[in-house]
Amino acid sequence: MQQILILGGGAAGLMAAGTAAQNGLNTLLLEKNSRLGRKLRITGKGRCNIVNNCDVPTAIAAIPSNGRFLYSAVSQFTPQDAIVFFENLGVPIKTERGNRVFPQSDLASDVVDALKSYCTQNGVQIRQAVVTDLRIQEQTVTGVRCEDGTEYFSKHVVIACGGMSYPATGSTGDGYRLAQQAGHTITELRPSLVSLVANGKDCPALQGLSLKNVAIHVIDTKQKKVIYDDFGEMMFTHYGVTGPMILSASSHMRNMEPNRYQISIDLKPALSLEQLDTRLQKDFAENQNKDFINSLGALLPRKLIPIMVAKSGIAPNQKCNQITKEQRRRFAQELKGFKVMIKGFRPIDEAIITSGGVSVKEISPKTMESKLVKGLYFAGEVIDADAYTGGFNLQIAFSTGYLAATAIAQAQWEI
């Protein structure tokens, strides 16, 4: 009999397994894939944004879904603890814009290799297996049964199987199914940190166009307020919009409804409306005898010109020296506020993170143990808690994995 079984070899599972073994527990990690940390290897475009270099209150504030529930976990394994942890494992780190922490090598594989070494050097046994059933007697976990009929017995089982995003990496909802076997409630599963589907013909017409150094404002039209601002990169697609800013924006759209959210893109954020008007006067003066549509090559990407001309209300063949002050000001306003109405999220299997999961009402925040089944614990994305982009979701994985393992170790040695 194992002292602890860890189900899942991702960020949360590897942290839980290594921590448990370091605390002297006979630990077995079961992973369905032939390779550990498959999803971790592709995070941050293969660079792995490990955590955010911030304090605990800032980390909690970045977790809109049940952040308060995670206060104990994040307090016991803080962002600073994570930075020291990886540096001690031989992964030099660096902090970039937005306090995002990356390995200096820019290789996610270095993070995975460090976690694997942390496990193996502490004596974790690792086996490839697909867990199909929990073994529960009298509301107490006794082990698991695998697809091939093999059974493993333990009084402590940690479910760290991930969510529903990126199913090719093995995140196919196994943890939710196992939790339901134990009687747990699974809250609505939704995509988070995901591309957005837009209404209208503008985005398909602009497909493939990347914009850099632009600003966006996300407007909740139902509440009539701006809910998110950002500056950076984005791209138009056949279905809508994507890119780093868009993924971040999606996590703020907590109650998606068609046409509820509008993205306003400032194509010239470095210029005020007055400065942009001055720029337009200069451009039009230099191209005074040209048609309006042929005067914008220095101002806008080629693909964007016909779209913005249509939005301006100025005839494409109107000569620049005939454009009125009012027409010019209206065009400047369009450049400072290109509107994209959002229809919905792309599918959950394209999302970076799954929002929703095992209800936190049924999990102890101080130990990550189930309130329904003794000896059953949860860690990582399977829990109904997700955060904004910037390293906060991996912080959840590391902190909950660490807390579950240390709680089990304390309970084991108290027996």
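**Overall architecture and the setting of Lys 268**

The accessible surface of the protein chain comes to about 17700 Å². Carbon and sulfur atoms account for 48% of that surface. The model is predicted. Of its 415 residues, 54% count as buried. The secondary structure comprises 13 helices and 18 strands. Along the principal axes, the C-alpha atoms fill a box of roughly 85 × 40 × 35 Å.

Contacts were also examined by sequence separation. Among those between residues at least 6 apart in sequence, 73% join residues at least 24 apart. Charged side chains number 45 positive and 37 negative. The centres of the two sets lie 5 Å apart.

One of the positive side chains was examined in detail. Lys 268 lies in the loop that runs between strand E15 (261-266) and helix H10 (273-286). Lys 268 is buried. Even so, Lys 268 has no salt bridge. The nearest side chain of opposite charge is that of Asp 283, 8.0 Å away. A salt bridge requires a side-chain nitrogen of Lys or Arg within 4 Å of a carboxyl oxygen of Asp or Glu.

The side chain of Lys 268 does have a polar backbone neighbour. One of its polar atoms lies 2.8 Å from the backbone oxygen of Leu 299. Leu 299 also appears among the residues that Lys 268 touches, once residues up to four places away in sequence are set aside. The others are Leu 276, Leu 335 and Lys 336. Lys 268 thus combines a buried position without a salt bridge with a side-chain polar atom 2.8 Å from the backbone oxygen of Leu 299.

How values were computed. Residues are numbered from 1 along each chain as its sequence is written. This is a predicted model: local features need pLDDT of at least 70, side-chain atom pairs count only at pLDDT 80 or more; totals for chains, interfaces and linings use all residues. Side-chain values use heavy atoms; hydrogens and water are left out. Helices (H or I, at least four residues) and strands (E, at least two) are DSSP runs, numbered from the N terminus. Buried means under 20% relative accessible area, exposed over 50%, partly exposed in between (1.4 Å probe, protein chains only). Lys and Arg count as positive and Asp and Glu as negative; His and the chain ends are not counted. A polar contact is a pair of N or O atoms within 3.5 Å; within protein, one must be able to donate a hydrogen and the other to accept it, and residues adjacent in sequence count only if both atoms are side-chain atoms. Contact means heavy atoms within 4.5 Å. Accessible areas come from the Shrake-Rupley method with a 1.4 Å probe; for residues, only the protein chains shown count as cover. The place of a charge is taken as NZ of Lys, CZ of Arg, CG of Asp or CD of Glu.
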